[in-house]
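These are my notes from going through one model. I wrote the entries in the order in which I looked things up.

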Amino acid sequence: MASTKFNRILLKLSGEALAGEKGHGIDSEILTTMASEIASVVKSGVQVALVIGGGNLVRGISASAGGMNRAQGDAMGMLGTVMNGLAMQDALDKQGIPCVVMSAIRMEPICEFFNRRRALSLLSSGTVVIFSAGTGNPYFTTDSAAALRAIESECDVIMKATKVDGIYTDDPVKNPAATRFDDITYTEVINRGLKVMDTAAVALCLEQKMPILVFKMEKGNLTKATVEGNLGTLVHC
Ligand code: UDP
């Protein structure tokens, strides 16, 4: 078994990452590719917790812009994250990787109700645990859920897989002069107003000293990030 930099990681995927070109829904090919990336790090002995967003299905803030009550829209958004979690569980099943979906909102028998001690025990035994339904509360995001669950489940790092290969001084798409940080402190992220995760999530990570590694989600990168740990940008104290 290869020695890895991290023993237990929480991988945060945005819902949009599952949508592919269409920008909405779940693309089964992308799902399979992501599941095989996850399978390969699990096989290398890394314990994997997963938080998947729901932006490919519903975002409460967008629903409320269309006139819906915000908390109602957020409830729909949280249900969307459960759907994504179930889809990923199915894809991991097909790769022969044991996986349990937990939800912050009770909905047995579709998935288990969140239980921190059971999650710790499952992770220790090599089972992938998908934490769905966010924090279970409106007005939060799955970034905050990722920070919370990573801390509760004693992960070594949050791995935030994104469309860009790290954190830049400015939006690299709009500003070609923007440069990438190899590493950066939480305080600098907040002071510079850099969009890594929402501020509540970064503040929680700062308080609990939970590092965040931001990297581009493309083939082989999850393994590289887990084994070498020197990919993308590391946010630390
Ligand atoms: N959400 C929520 N509480 C949470 C997490 C998520 O209400 O603790 C809702 C919220 O409406 C959010 C949606 O679920 O917009 C989907 O999550 P998010 O926007 O974080 O998904 P991502 O952008 O990562 O795909």
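Helix 6. I looked up what covers the buried residues of helix 6, and the list includes strand 1 (8-13), strand 2 (47-52), helix 4, strand 5, strand 6 and helix 8 (199-208). The buried residues of helix 6 are Thr142, Asp143, Ser144, Ala145, Ala146, Ala147, Leu148, Arg149 and Ala150. I note that Asp143 and Arg149 are among them. Because 9 of the 11 residues of helix 6 are buried, this helix is largely enclosed by the rest of the structure.

Confidence. The model is predicted, and I checked its scores before going further. The average pLDDT of the protein is 95, and 99% of the residues score at least 70. I also wrote down an ipTM of 0.99 and a pTM of 0.96.

End of helix 6. Just after helix 6, I found Glu154 with a positive phi of about 55°. Glu154 is not a glycine, and its place is the loop between helix 6 and strand 6 (157-162). Is Glu154 buried, exposed or partly exposed? I counted 17 C-beta neighbours inside 10 Å, and a residue is called buried only from 20 upwards and exposed at 12 or fewer, so Glu154 is partly exposed.

Start of helix 6. I then went to the loop that runs from strand 5 (128-132) to helix 6 (142-152), where Ala133 is found. Ala133 also has a positive phi, about 65°, without being a glycine. Ala133 counts as buried because 27 C-beta neighbours lie inside 10 Å.

Helix 5. I asked which residues of helix 5 (residues 116-124) are buried. They are Ala119, Leu122 and Leu123. These three lie on the same side of helix 5, because they cover an arc of only 100° around the axis. On the other side of helix 5 I found Arg117, Ser121 and Ser124 exposed. The buried residues pack against strand 1, strand 2, strand 3 and strand 5. Just after helix 5, Gly126 takes a positive phi of about 90°.

Gln47. I looked at Gln47 next, which lies in strand 2. Leaving out residues up to four places away in sequence, Gln47 touches Asn7, Arg8, Leu123, Ser124 and Gly126. Of these contacts, I had already noted Leu123 as a buried residue of helix 5 and Ser124 as an exposed one. Gln47 itself is buried, because 24 other C-beta atoms lie within 10 Å and 20 are enough to count. I also looked up the C-alpha atoms of Gln47 and Leu10, which are 37 residues apart along the chain and separated by 8.6 Å.

Nonpolar core. The largest nonpolar core has 74 residues, and I asked which of them touch the most other members. The answer is Leu10, Val48, Val128, Ile130 and Ile158. I followed up Ile130, which touches Leu50, Ile52, Gly85, Met88, Gln89, Cys99, Val101 and Met102 when residues up to four places away in sequence are not counted. As a general point, nonpolar side chains in soluble globular proteins tend to be buried together.

Ligand shell. I listed the 25 residues around the ligand, and those that come nearest are Gly53, Gly55, Gly60, Gly77 and Gly134. The elements that give two or more residues to this shell are helix 3 (60-65), helix 4 (70-94) and helix 6. Helix 4 gives the largest share, 6 residues. What is the make-up of the shell by nonpolar, polar and charged residues? I noted 5 nonpolar, 16 polar and 4 charged.

Gly80. I picked Gly80 in helix 4 for a check of its surroundings. With 24 other C-beta atoms within 10 Å, Gly80 is buried. Beyond its neighbours within four places in sequence, Gly80 is in contact with Gly15, Gly54, Leu57 and Val58. The C-alpha atoms of Gly80 and Leu57 are separated by 5.8 Å, although the two are 23 residues apart along the chain.

Peptide bond. My last entry is on the bond from Glu108 to Pro109, which is cis, with omega near 10°. Pro109 is placed in the loop between strand 3 (99-103) and strand 4 (112-113).

How values were computed. Residues numbered from 1 in each chain as written. Predicted model: local features only at pLDDT ≥ 70, side-chain atom pairs only at ≥ 80, totals over all residues. Helix = DSSP H or I, 4+ residues; strand = E, 2+ residues; numbered from the N terminus. Core = buried A, V, L, I, M, F, W, Y, C linked by C-beta atoms within 7 Å. Contact = placed C-beta atoms within 7 Å. pLDDT = per-residue confidence, 0-100. Near = placed C-beta within 6 Å. Nonpolar A, V, L, I, M, F, W, Y, C, P; charged D, E, K, R; others polar. Arc of directions from axis to C-beta.
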